[in-house]
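Please examine the structure shown below, which is to be discussed in a series of questions and answers.

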Amino acid sequence: MSTLVAVAAAQQTIYQQPSPTVRELLDAPALPKHLVSPNKQHLALLELRRFSSLAELARPTLKLAGLRFDEASGLPSQTAATGAIARLRLRPLLNPQAPEQNIDLSALSAGGKSFFHSFSWAPDGQRFLLERRTDKANELWVGNAVSGELRQVNGLRLNNALAQGEIAWLNASELVLLAQVERRAAAPKQPSVPNAPLIRETAGRASPERTHADLLQTPHDERLLEHHALSQLTRVDLRSLQIKRLGAPAMFFSVSSLGEDEALLTERITRPFSYSLTWEDFPQVVEVRRPDGVVLREVARLPLKRGVAINGVLPGPRLFYASPNKDAAVYWVEALDGGNPNNRAAHRDRLMRLDAPYTGEAQELLRLPQRFNSLRFVDDGQHALVSEDDGLRAWTRSYLLALRGGSIRTVFDHSQRERYRHPGSPMMRMSAGGHLLAQTYGGGLLLQGAGASPKGDRPFLDRLSLQDGSVQRLFQSGEAVYAQPLEILGDGRLLSLQESTNQPPSLHVQVLNQPGATSLALTKARPPHPLMRKIRRELISFKRADGVDMSFWMYLPPDYKEGEARATLVWAYPLEFNDAALAGQLSGSTNRYPNFSGLSPLMLVLDGYVVLMDATMPIVGDAKSVNDDFIEQITLSAKAIIDKAEDLGVTDPKRVAIGGHSYGAFMAVNLLAHTDLFKAGIARSGAYNRTLTPFGFQSERRSLWEARDIYLKLSPFLYVNQIKEPLLLIHGDVDDRAGTMPMQSERLYQALSGTGGTARYVLLPLEAHGYTARESVGHVQWEMRQWLRAHLGDPKDMR
């Protein structure tokens with residue numbers, strides 16, 4: 001065997017590592033998260049574990065009704081990858097000189113066999129909660145904010161199978177949560193021999209559903225779901241660490257406190273289950289209970305969500321909210337158009353309220369012309385923000401509703417894609433009862449926003465008057481830094497998170513409403529790698545041939561020299577707009593610290609490539625038919641991107657690759673199938689045959705049978721004989737995203753192989769739609785680098 005063949009064979013049998021520089025960056029600690037206590041006295045600094053491991057992913061996992069959770073502990077399987085805490089530090093918020101409490105979590109992690117996750121503050125800020133997953137359970141631990149002392153709530157096993165982090169605070173020291181049933185029986189065993197065929201039947205009623213993964217398949221799956229989803233409402237006293245089990249077990253997925261310890265609002269699923277829907281669409285029962293768990297009233301009984309139109313909702317009650325106010329009311333939404341967006345109706349939804357003691361009839365508060373989106377209670381106890389969405393126009397409208405007076409005023413009215421004139425979102429705070437409320441200050445509602453503009457993002461804080469709707473700007477980030485407002489402190493100063501091109505995010509405090517006021521740094525983070533400071537980044541704006549404004553972020557390698565036309569990777573994700581002006585609005589800031597995720601193609605900048613990141617691929621048109629000229633529009637965009645990069649002198653137009661993840665991968669393969677603009681392609685976790693997603697995808701509202709030609713036109717699988725450029729396909733072998741099952745990449749690879757194409761297919765064991773194991777992430781970076789070097793050449797080779 002030749003050396004080359006031997007090396008290639010070895011590469012097929014082991015995980016590869018990226019270049020030493022990229023490897024060093026992957027293994028650097030994550031930048032800390034800053035979590036301020038509700039009383040604004042304490043600060044928690046969390047460093048999350050950046051990656052999982054293959055060993056962690058290989059733990060026995062149950063896949064039931066759209067859920068994936070650890071079989072032993074019931075914890076969602078992605079928690080280890082996205083929420084495991086590597087390091088926790090505590091300190092007084094406003095005293096940067098005070099010593100930090102370094103909470104030694106490793107000493108309580110059983111030699112790495114368990115991990116802590118899900119940090120949260122108690123409403124009074126004097127205590128905090130942590131959860132610890134062990135080989136057998138998910139536990140609750142209580143910490144002291146001053147001393148850092150951690151204590152376990154013994155005898156309690158949390159149940160996170162249906163819902164993670166469901167906590168109903170009764171007061172600052174008592175809460176109700178979902179726990180495993182005491183002395184739970186063993187899980188049902190898989191029958192060794194099937195005792196019946198598997199039969200499904202439809203009876204002439206249309207029921208269009210998206211293509212979901214991990215659905216129930218057998219009666220045994222049903223029994224497993226019932227076993228693991230069964231929870232007990234459990235009251236916990238954080239002072240004594242005593243627990244009290246409330247009422248009978250059920251398949252609860254939500255518990256909320258009503259008012260101030262007056263009652264509980266619970267939601268649970270029931271049979272019959274479905275083999276074509278996920279658990280969220282199973283029948284549900286909503287009940288009001290006394291604090292001891294006894295049912296006071298059944299509020300609603302929702303049927304199986306079958307026969308609902310695409311983008312439709314169930315007729316009848318849905319989306320239940322627990323009032324944080326003393327009235328302890330229950331709010332919910334009801335459809336007025338039968339739940340079908342295709343039906344004409346003057347009003348689509350109405351907001352209802354049921355008052356304590358929950359014996360009378362519900363009262364209608366508000367009728368909405370469009371589909372309800374959200375309800376946020378304001379901390380004045382008198383108002384709420386109600387939002388609705390117009391799906392056809394991609395439009396959002398928000399109202400300020402007087403909860404008792406019934407008066408209503410429109411406060412926001414804008415496109416969902418609006419950036420430049422976006423009014424911001426309510427700044428939220430935790431109430432003494434543990435509810436998240438929209439915060440007021442000086443008689444107005446606090447709104448924080450990105451502050452997008454043609455010159456980049458400059459985050460802001462506004463105050464919206466509750467009396468007359470006037471808006472006052474209290475703070476806006478300066479032009480030399482990127483500062484996000486976080487809190488207004490008791491003395492009126494502003495707490496913000498500031499960063500710059502050379503400095504990672506750190507907490508600062510300054511006088512509010514004084515432009516140019518000096519800020520005091522409360523924390524300081526260490527840059528993860530010195531090379532990060534040498535990466536050049538610039539926001540580039542231009543137009544495509546039809547006049548639509550576009551942009552991309554240009555990243556130049558640390559060793560880049562002026563005038564070099566290098567091999568380039570374009571990484572993009574298409575977005576739909578019904579207004580060309582909105583499509584050209586910019587986002588992002590040159591003042592942000594470059595912080596690359598492990599899977600980011602920006603890592604290739606450190607290997608010498610020019611990367612054009614977040615290259616806009618606007619699809620402009622009417623929402624009903626925006627995909628009709630999808631191919632033509634991405635072609636115009638791709639040509640404009642390459643032309644602009646060539647004009648800048650940074651890109652060799654003959655050595656450009658296109659890449660994307662998920663819908664971006666779908667876009668990339670379509671560009672390879674329908675253009676000759678690129679030398680190579682990288683497609684990760686995409687969908688390439690739209691006949692496999694027949695009831696809509698992304699923003700497409702029509703079914704395959706309503707828009708057959710469009711589904712076929714947008715399926716690059718059907719044009720695979722036109723793909724002449726080499727294509728790298730990467731997919732997780734347990735992809736859980738609707739429509740992007742691994743078969744999409746497998747069949748595309750087989751088609752490329754059968755028609756003489758050049759392709760490489762990398763199937764990552766144990767990985768889902770996003771890849772989380774350190775081994776997998778490193779290998780993906782290696783694959784992308786090797787692919788570009790093989791087909792674009794050495795990035796420094798000036799041809």
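The questions below concern a predicted model and proceed from the overall fold to individual residues.

Q: How many helices and strands does the protein have?
A: The model is a predicted one, and its chain has 799 residues. Its secondary structure comprises 11 helices and 45 strands.

Q: What radius of gyration does the protein have, against the value for a compact globule?
A: The C-alpha atoms fill a box of roughly 75 × 75 × 60 Å along the principal axes. With 799 residues, a compact globule would have a radius of gyration near 28 Å. The value for the protein agrees with this, being 27 Å.

Q: What percentage of contacts between residues at least 6 apart in sequence join residues at least 24 apart?
A: Buried residues account for 55% of the 799 residues. Among contacts between residues at least 6 apart in sequence, the share joining residues at least 24 apart is 59%.

Q: Which strands are the edge strands of the open sheet in the order E11-E12-E13-E14?
A: This open sheet has 4 strands, and the pairing is antiparallel. An edge strand pairs on one side only. That applies to strand E11 (167-171) and strand E14 (243-250).

Q: What is the average twist from one strand to the next in the sheet E11-E12-E13-E14?
A: The sheet is open, with antiparallel pairing. From one strand to the next, its twist averages 25 degrees.

Q: Which residue in E12 is the bridge partner of Ile167?
A: Strand E11 pairs with strand E12 (residues 174-180) in the antiparallel sense, over 4 bridges. In E12, the partner of Ile167 is Leu177.

Q: Which helix contributes the largest share of the largest nonpolar core?
A: The largest nonpolar core has 51 residues, and Ile641 and Phe678 have the most contacts inside it. Leaving aside residues up to four places away in sequence, Ile641 touches residues including Phe542, Met550, Phe552 and Leu612. The largest share of the core, 9 residues, comes from helix H8 (residues 663-674).

Q: How many residues form the other core, among them Leu604, Tyr609, Val611 and Leu764?
A: This core lies apart from the largest nonpolar core, which has 51 residues. The number of residues in the core that includes Leu604 and Leu764 is 40.

Q: Where in the structure does the salt bridge of Arg785 and Asp607 tie parts together, and how many residues apart are they in sequence?
A: The two side chains meet at 3.4 Å, N to O. Arg785 lies in helix H11 (residues 774-792), whereas Asp607 lies in the loop between helix H6 (580-583) and strand E41 (610-620). The pair therefore ties together parts whose separation in sequence is 178 residues.

Q: Is Asp607 buried or exposed?
A: Its partner Arg785 counts as partly exposed at 21% relative accessibility. Asp607 has 11% relative accessibility, and the cut-off for a buried residue is under 20%. Asp607 is therefore buried.

Q: Which residue is the salt-bridge partner of Arg421?
A: Arg421 counts as exposed, at 64% relative accessibility. The closest N and O atoms of the pair are 3.4 Å apart. The partner counts as buried at 8% relative accessibility, and this residue is Glu418.

Q: What is the N to O distance in the salt bridge of Asp292 and Arg290?
A: Asp292 is partly exposed, with a relative accessible area of 32%. Arg290 is likewise partly exposed, at 36%. Their side chains meet at an N to O distance of 2.6 Å.

Q: Which residues are joined into one network by salt bridges that share partners?
A: The whole structure contains 55 salt bridges. Some share partners, and the residues joined in this way are Glu56, Arg59, Asp70, Arg133 and Asp135.

Q: Where is Pro272, which a cis peptide bond joins to Arg271?
A: The cis bond between Arg271 and Pro272 has an omega of about 5 degrees. Pro272 is found in the loop between strand E16 (263-269) and strand E17 (284-289).

Q: Is Ser685 buried or exposed?
A: Phi of Ser685 is near 55 degrees, a positive value in a residue other than glycine. Ser685 is placed in the loop between strand E43 (680-684) and helix H9 (708-713). Its relative accessible area is 0%, and a value under 20% defines the buried class. Ser685 is therefore buried.

Methods:
Residues numbered from 1 in each chain as written. Predicted model: local features only at pLDDT ≥ 70, side-chain atom pairs only at ≥ 80, totals over all residues. Heavy atoms only, no water. Pairing = 2+ DSSP bridges. Helix = DSSP H or I, 4+ residues; strand = E, 2+ residues; numbered from the N terminus. Axes fitted to C-alpha atoms, helices over the stretch in contact; angles between N-to-C directions. Core = buried A, V, L, I, M, F, W, Y, C linked by side-chain atoms within 4.5 Å. Buried < 20%, exposed > 50% of the residue type's maximum accessible area, 1.4 Å probe, protein only. Contact = heavy atoms within 4.5 Å. Salt bridge = Lys/Arg side-chain N within 4 Å of Asp/Glu carboxyl O. Rg over C-alpha atoms; globule rule 2.2 N^0.38 Å.
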